[in-house]
Amino acid sequence: MDLKDYVDSGKLPGVVTLVARGDDVDVRTFGPVERDTIFRIASITKPITAAAVMLLVEDGKLALDDSVGKWLPELAGPKVVRTPESPVDDVVPAQRPLTVFDLMTSRAGYGFAAPFDRPAVSMFGDVMGWDGRDVQAPPPPDEWVAKLAGIPMAAQPGEEFLYHAASDLQGVLIARVSGLSFPDFLAERIFEPLGMVDTAFWVPPAKIHRFTSYYRGGLVLADAPDGQWSTPPAFPSGGGGLVSTADDWLKFGRALLDDPLLSGESRKLMTTNHLTDEQRERGELFLQGQGWGFGGSVDLTHRVAGNVPGRYGWVGGTGTSAYIVPSTGQIAILLTQLAVEDADSPQYIEEFWEYSGNHSSSF
């Protein structure tokens, strides 16, 4: 089934795809959307957040081996459950300080991991929220970090891949190190230089007519254009809070390939796997056999159609996907507005990956 069939049959409300190599850009739209339609991009926010941290590293304002306790004192002396299955009151001190590198590689001790009923993982979800797409739910950053500090780590720093929380922590870190709000830093250092004119944490009234509705299973309306993203959130989520367009993410993808926004060393660090084989295996639910760089996965094996060793990017829980392939210069983006309800990539996304990998097929 091609993407047009998904829309025509009512399985998807609308889709924008973009595949680019150099100046060759192929954009296709299906359903009531346009090339400049604004989407909730969910977790393909994560690579953008990671790039912002690397700008501060290049500025010399922090280093990857720095303890985050200097800027996040709430996390300077964390407690960790004695074993992964231990109750949340059976804790030991962290064996070493939490570092910037731990945040960048999503090995910060906080977040989601299977099985979700592990006491510390379950407590994280119950206290911090299970669904990062509910962007108006979290409190302001200082209050958010204080809540997080009251939860024991599910693993020692650097020990295990845990999903999502590290990217949100990166956003708080950026604000405290830079002295700017996280949204202002992104606007000043990434969005404005790259011309990402439609990327932000909310959609102003003048752009609401280009903003999608967001649906959950069975195309049930979950959020209208004048809903959660129509006002600035108290907590700008580095893990999944941005809205954007296909062309804006294309500009960011190009920056990861060859733009002077970041040095070649920073881009290489972002797009290189930093997990051990054991950490990848334990993170199978999210990683699906691949590795993790800074803010996104790195393909290491041919697991599903479209996997290309060295491909970097990620997927989002609102039905989004964005990847770059440094070896070929390809950028592939898919944006829709239907919630992904589990960790497995939907069939339509895998079909898009196969198409972008071949780039000779036609939907």
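## Burial, salt bridges and cores

Me: In this predicted model, is Asp102 buried or exposed, and what is its relative accessible area?
Reply: A residue counts as buried when its relative accessible area is under 20%. Asp102 falls under that cut-off, so it is buried, with a relative accessible area of 2%.

Me: Which residue meets the side chain of Asp102 in a salt bridge?
Reply: The side chain of Asp102 takes part in a salt bridge with an N to O distance of 2.8 Å, and its partner there is Arg96. While Asp102 is buried, the partner is partly exposed, with a relative accessible area of 35%. The residue asked for is therefore Arg96.

Me: How many residues apart in sequence are the parts that Asp142 and Arg176 tie together?
Reply: Asp142 and Arg176 form a salt bridge in which the closest N and O atoms are 2.9 Å apart. Because Asp142 lies in helix α5 and Arg176 in helix α6, the pair ties together parts of the chain rather than one helix alone. Asp142 is exposed, at 52% relative accessible area, whereas Arg176 is partly exposed, at 25%. The separation in sequence of the parts they join is 34 residues.

Me: Within what arc do the buried residues of α5 fall, seen down its axis?
Reply: Helix α5, residues 141-149, has Trp144, Val145 and Leu148 buried. In an α-helix there are 3.6 residues a turn, so residues three or four places apart point the same way. The buried residues of α5 line one face of the helix, because seen down its axis they fall within an arc of 95 degrees.

Me: Which helices are included in what covers the buried residues of α5?
Reply: The residues to be covered are Trp144, Val145 and Leu148. Their cover includes residues 119-128 and residues 165-178, which are helices α4 and α6.

Me: Which helix gives the largest share of the largest nonpolar core?
Reply: The largest nonpolar core has 96 residues, and those with the most contacts inside it are Ile48, Leu148, Ile190, Trp249, Phe252 and Met270. Its largest share is eight residues, and these come from helix α2.

Me: Which residues does the network of salt bridges containing Lys207 join?
Reply: Lys207 forms a salt bridge with Asp198, the closest N and O atoms being 2.9 Å apart. Lys207 is partly exposed at 21% relative accessibility, while Asp198 is buried at 10%. Salt bridges that share partners extend this pair into one network, made up of Asp36, Asp198, Lys207 and Arg210.

Note on methods: Residues numbered from 1 in each chain as written. Predicted model: local features only at pLDDT ≥ 70, side-chain atom pairs only at ≥ 80, totals over all residues. Heavy atoms only, no water. Core = buried A, V, L, I, M, F, W, Y, C linked by side-chain atoms within 4.5 Å. Buried < 20%, exposed > 50% of the residue type's maximum accessible area, 1.4 Å probe, protein only. Helix = DSSP H or I, 4+ residues; strand = E, 2+ residues; numbered from the N terminus. Arc of directions from axis to C-beta. Contact = heavy atoms within 4.5 Å. Salt bridge = Lys/Arg side-chain N within 4 Å of Asp/Glu carboxyl O.
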